[in-house]
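Welcome! Here is a short briefing to help you find your way around a new structure. Take a moment to look at it before reading on.

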Amino acid sequence: MAPKAAKGDKPAKGDKPAKGDKPAKGDKQAAKGDKPEPVPAPPPAKDQPREDEEDDEEAAPKKPKSVQPKHEVGTRKGCRRYRWELKDSNKEFWLLGHAEVKILSVVCLIVAMMLFSSLTVHPILGLIITMEISIFSFFILLYSFAINRYIPFILWPISDLFNDLFAFAFLVGAMVFAVTSRQSMHLHYLLGVILMGLAAFFAFIDVCLQRNHFRGKRAKKYTLVPPPGKEKGPQQGKEPEPAKPPEAAKTPEPAKGKK
């Protein structure tokens with residue numbers, strides 16, 4: 001074992017670290033310079049192309065269309081309304097039999113006009129036939145393109161009913177006039193008169209179909225009653241006048257001769 005040092009033995013001064021052993025200031029600055037420089041921030045990302053926007057639009061859920069009633073217009077507007085009106089008008093026009101009857105009447109009248117054109121007939125017959133052809137054609141176009149749905153101030157079923165009645169009366173009268181005005185009739189003339197009678201018969205069938213159309217419908221109550229008037233409130237901009245204070249009771253005058 002090593003001998004213990006005596007109490008009086010102190011370490012020599014030379015054993016202490018010298019002052020020159022401390023790092024110099026320049027070494028500290030050099031140490032500071034060795035630290036890594038901060039990394040510059042990356043440049044801002046450029047705008048994404050339109051393809052990304054389109055993808056986002058496709059990924060976004062589309063708004064569902066509002067559910068519309070089948071037997072009513074609902075809130076349809078524009079082309080959607082016209083497509084529904086066109087479909088509903090043609091459905092009613094063809095399924096109830098009005099289209100078939102009117103087309104048959106027009107075909108009979110056109111053939112009768114062609115037969116009369118090869119003969120010398122009274123001009124009133126040609127006038128009545130052309131008039132009825134034009135009116136029947138007008139109603140066919142009216143219902144086929146749903147024009148009547150956009151002119152609600154005219155009661156088209158009633159006007160069609162009166163047209164059928166007048167057509168039946170005019171064609172029957174023309175047929176009677178054509179028969180009585182001639183003693184001998186050509187074959188073409190006879191066929192033209194028969195076709196006019198068929199057109200009148202189809203017009204009468206259309207009258208019956210119009211009656212079936214009105215049979216299940218009733219007029220709504222209070223349709224002709226005007227709506228109740230609105231109560232007039234205080235006019236805006238005018239403040240109500242303040243109530244006048246009650247006048248003070250007058251003191252009774254003393255009677256004459258009395259103090």
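Which residues in α4 meet which residues in α5? On the α4 side they are Lys102, Ile103, Ser105, Val106, Leu109, Ile110, Ala112, Met113 and Phe116. Their partners in α5 are Gly126, Ile129, Thr130, Glu132, Ile133, Phe136, Ser137, Phe139 and Ile140. Please keep in mind that this is a predicted model.

**The chain as a whole**

- The protein chain has 259 residues, and 21% of them count as buried.
- Its secondary structure comes to seven helices and zero strands, so reading from the N terminus gives the order α-α-α-α-α-α-α.
- Among contacts in the protein chain with a separation of 6 or more, 71% are between residues 24 or more positions apart.

**How α4 packs against α5**

- Two packed helices can be described by the angle between their axes and by the distance between those axes.
- For helix α4 (residues 98–117) and helix α5 (residues 123–144), the angle is about 150 degrees and the axes are 9 Å apart.
- Because angles over 145 degrees count as roughly antiparallel, α4 is roughly antiparallel to α5.
- The crossing in which α4 passes α5 is left-handed.
- By class, the residues of this α4 and α5 contact are twelve nonpolar, four polar and two charged.

**How α3 packs against α5**

- Helix α3 (residues 78–95) also packs with α5, at an angle of about 135 degrees and with the axes 8 Å apart.
- α3 and α5 are therefore oblique to each other.
- Leu86, Ser89, Asn90 and Phe93 in α3 meet Ile140, Tyr143 and Ser144 in α5.
- This contact of α3 with α5 is made up of four nonpolar and three polar residues, with no charged ones.
- Ile140 of α5 is worth finding on the model, as it is listed in the contact with α3 and also in the contact with α4.

**A closer look at α4**

- Helix α4 is 20 residues long and reaches 29 Å from its first C-alpha to its last, close to the 28 Å expected at 1.5 Å a residue.
- The buried residues of α4 are His98, Ala99, Val101, Lys102, Ser105, Val106, Cys108, Leu109, Ala112, Leu115 and Phe116.
- His98 lies in α4, and it counts as buried because its relative accessibility is 7%.
- Leaving out residues up to four places away in sequence, His98 touches Glu92, Phe93, Asp206, Leu209 and Gln210.
- Leu104 lies in α4 too, but this residue is partly exposed, with a relative accessible area of 40%.
- Leu104 and Ala199 are 95 residues apart in sequence, while their C-alpha atoms are 7.3 Å apart in space.

**A stop in α7**

- Is Ala200, with its 3% relative accessibility, buried or exposed? Ala200 is found in helix α7 (residues 187–215), and at that value this residue counts as buried.
- Setting aside neighbours within four places in sequence, Ala200 is in contact with Phe168, Leu171 and Val172.
- Phe168 is 32 residues away from Ala200 along the chain, and the C-alpha atoms of the two are separated by 4.6 Å.

Technical notes. Residues are numbered from 1 along each chain as its sequence is written. This is a predicted model: local features need pLDDT of at least 70, side-chain atom pairs count only at pLDDT 80 or more; totals for chains, interfaces and linings use all residues. Side-chain values use heavy atoms; hydrogens and water are left out. Axes are lines fitted to C-alpha atoms, for helices over the stretch in contact, and angles run from 0 to 180 degrees between N-to-C directions. Helices (H or I, at least four residues) and strands (E, at least two) are DSSP runs, numbered from the N terminus. Angles under 35 degrees count as roughly parallel, over 145 as roughly antiparallel, 65 to 115 as roughly perpendicular and the rest as oblique. A crossing is left-handed if the near helix is turned anticlockwise from the far one by less than a right angle, and right-handed if clockwise. Contact means heavy atoms within 4.5 Å. Ala, Val, Leu, Ile, Met, Phe, Trp, Tyr, Cys and Pro count as nonpolar, Asp, Glu, Lys and Arg as charged, and the others, Gly among them, as polar. The expected span of a helix is 1.5 Å times one less than its number of residues. Buried means under 20% relative accessible area, exposed over 50%, partly exposed in between (1.4 Å probe, protein chains only).
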